[in-house]
Amino acid sequence: MQVRDIGEQGLLERLQRFCPPEIIGDDAAVLVTKPGESLVVTTDVLVDGVHFSEITTSAEDAGWRAAAANLSDLAAMGASPLGITVGLGLRGEVSVSWVEELYQGITQCLQKYNTSIVGGDVVRSPVTILSITAFGQAHPDQIIRRNQAKVGDAIVITGVHGASHAGLELLLHPELRQNLTQGDYTALIRAHQRPQPRLDVLPILWEILHSFSSPLLSIAGMDSSDGLADAVLQICRASGVGAVLESTQIPLPDAFNYWLTKEKALLYALYGGEDFELVLCLPSLPADFLVQQLGYGAAIVGTITSDSKVLLHDQNAKNPHQVLTLGRGFQHFGK
């Protein structure tokens with residue numbers, strides 16, 4: 001059975017099973033937020049052949065990754081998820097089972113965070129397109145923005161970087177797995193196909209910041225979906241500051257130690273993207289506490305400076321300072 005066999009309404013009937021019946025059915029979803037809370041909204045679009053493909057991603061994994069990307073954006077803003085809407089563009093020849101599996105992946109990810117699909121739209125399209133809008137809530141004093149980094153702030157990342165890109169490379173080039181154990185291979189593939197949005201970081205972060213300041217200290221941050229270098233550069237540009245990153249402090253997957261050269265491992269971490277960790281800028285003392293509380297993979301990787309550049313420092317290199325740029329990361333319309 002194909003999508004065109006059951007049509008738009010037939011498909012919508014099937015997809016409504018994935019949504020709470022008391023919310024869907026009208027032209028829009030009404031989400032009640034708590035008094036004194038801000039509604040946070042983000043949208044992410046994924047396109048077949050750009051963000052996922054049948055070579056690297058099953059329908060369930062594509063759904064999971066789409067949901068995770070949006071939940072990660074909410075986490076980067078300091079928001080807790082309320083619900084998502086799903087926009088889907090399909091060719092008529094797409095099988096109904098593929099669409100149902102896509103939604104199964106979405107709901108599997110959402111269930112971990114008590115979040116639901118609350119609506120959406122389905123249209124005919126020459127290429128499969130998945131557009132998700134996520135809604136979250138946050139206290140106005142706890143919204144994390146990119147433009148709040150201050151000179152002297154420590155730069156914290158919440159986990160290892162480079163694993164997702166490594167997983168993608170292994171899926172595209174299976175011959176690269178020769179020197180990897182089965183456990184390392186599986187872990188890197190899973191990092192790409194089933195990324196974990198770091199909503200778990202927020203309660204720990206708020207508790208630490210509350211203990212240091214009242215009202216809360218302002219912090220800057222975003223997620224590293226487009227790479228660690230991109231995140232630091234975007235924060236610095238929005239805040240009018242610079243930064244120095246210490247290459248030896250960037251946490252990498254253990255498998256990289258004997259699988260990749262130092263240069264390639266660092267390239268994966270800085271520019272690979274889709275690790276969906278948080279990059280946060282805050283004073284050094286609460287930063288230390290946060291890293292201790294988060295444990296494995298979390299690290300202070302640099303410092304915010306008054307310079308206009310973002311530099312990568314390598315104490316072992318002949319030319320220890322490398323200027324990081326946005327041009328080396330993935331750009332949708334780059335050459």
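Me: Strands are paired here if DSSP finds at least two bridges between them; strands (E, at least two residues) and helices (H or I, at least four) are DSSP runs, numbered from the N terminus. What makes E2 and E4 a pair?

Reply: The model is predicted, and local features need pLDDT of at least 70, side-chain atom pairs count only at pLDDT 80 or more, and totals for chains, interfaces and linings use all residues. Residues are numbered from 1 along each chain as its sequence is written, and side-chain values use heavy atoms, with hydrogens and water left out. Strand E2 (residues 80-90) and strand E4 (residues 129-138) are joined by 9 bridges; the definition asks for at least two, so they pair. E2 and E4 run antiparallel. Ile84 stands opposite Ala134 in E4, and Leu88 has Leu130 as its bridge partner in E4.

Me: How do you know that E2 also pairs with E3, and in which direction do they run?

Reply: There are 8 bridges between E2 and strand E3 (residues 116-124), so the requirement of at least two is met. These strands run parallel, and Gly89 stands opposite Val123 in E3. The chain passes from E2 through helix H3 (residues 96-111) to E3, a β-α-β crossover that is right-handed. That word applies if, with the strands pointing away from the viewer, the path from the first strand over the helix to the second runs clockwise.

Me: What makes the pairing in the sheet mixed, and which strands are its edges?

Reply: In general, strands of a sheet pair through backbone hydrogen bonds, either parallel or antiparallel. In this open sheet of 4 strands, ordered E1-E4-E2-E3, the pairing is mixed: E2 runs antiparallel to E4 and parallel to E3. Strand E1 (38-47) and E3 are the edge strands, as each pairs on one side only. From one strand to the next, the twist averages 15 degrees.

Me: How do you know that H3 packs on the sheet?

Reply: H3 touches E2, E3 and E4, where contact means heavy atoms within 4.5 Å. The direction of H3 makes about 165 degrees with that of E2; angles run from 0 to 180 degrees between N-to-C directions, with axes fitted to C-alpha atoms, for helices over the stretch in contact. Helix H2 (residues 59-77) lies across E1, E2 and E4, at about 30 degrees to E4.

Me: Why is Gly120 called exposed?

Reply: Gly120 has a relative accessible area of 56%. Exposed means over 50%, buried under 20%, and partly exposed in between (1.4 Å probe, protein chains only), so Gly120 is exposed. Gly120 lies in strand E3 and touches Thr85 and Val86, not counting residues up to four places away in sequence.

Me: Why does Arg146 count as partly exposed?

Reply: The relative accessibility of Arg146 is 39%, which falls between the two limits, so the label is partly exposed. Arg146 is placed in the loop between E4 and strand E5 (154-157).

Me: What makes the phi of Asn114 noteworthy?

Reply: Most residues other than glycine have a negative phi. Asn114 has a positive phi of about 50 degrees although it is not a glycine. Asn114 is found in the loop between H3 and E3, and its relative accessible area of 73% is over the limit for exposed, so Asn114 is exposed.
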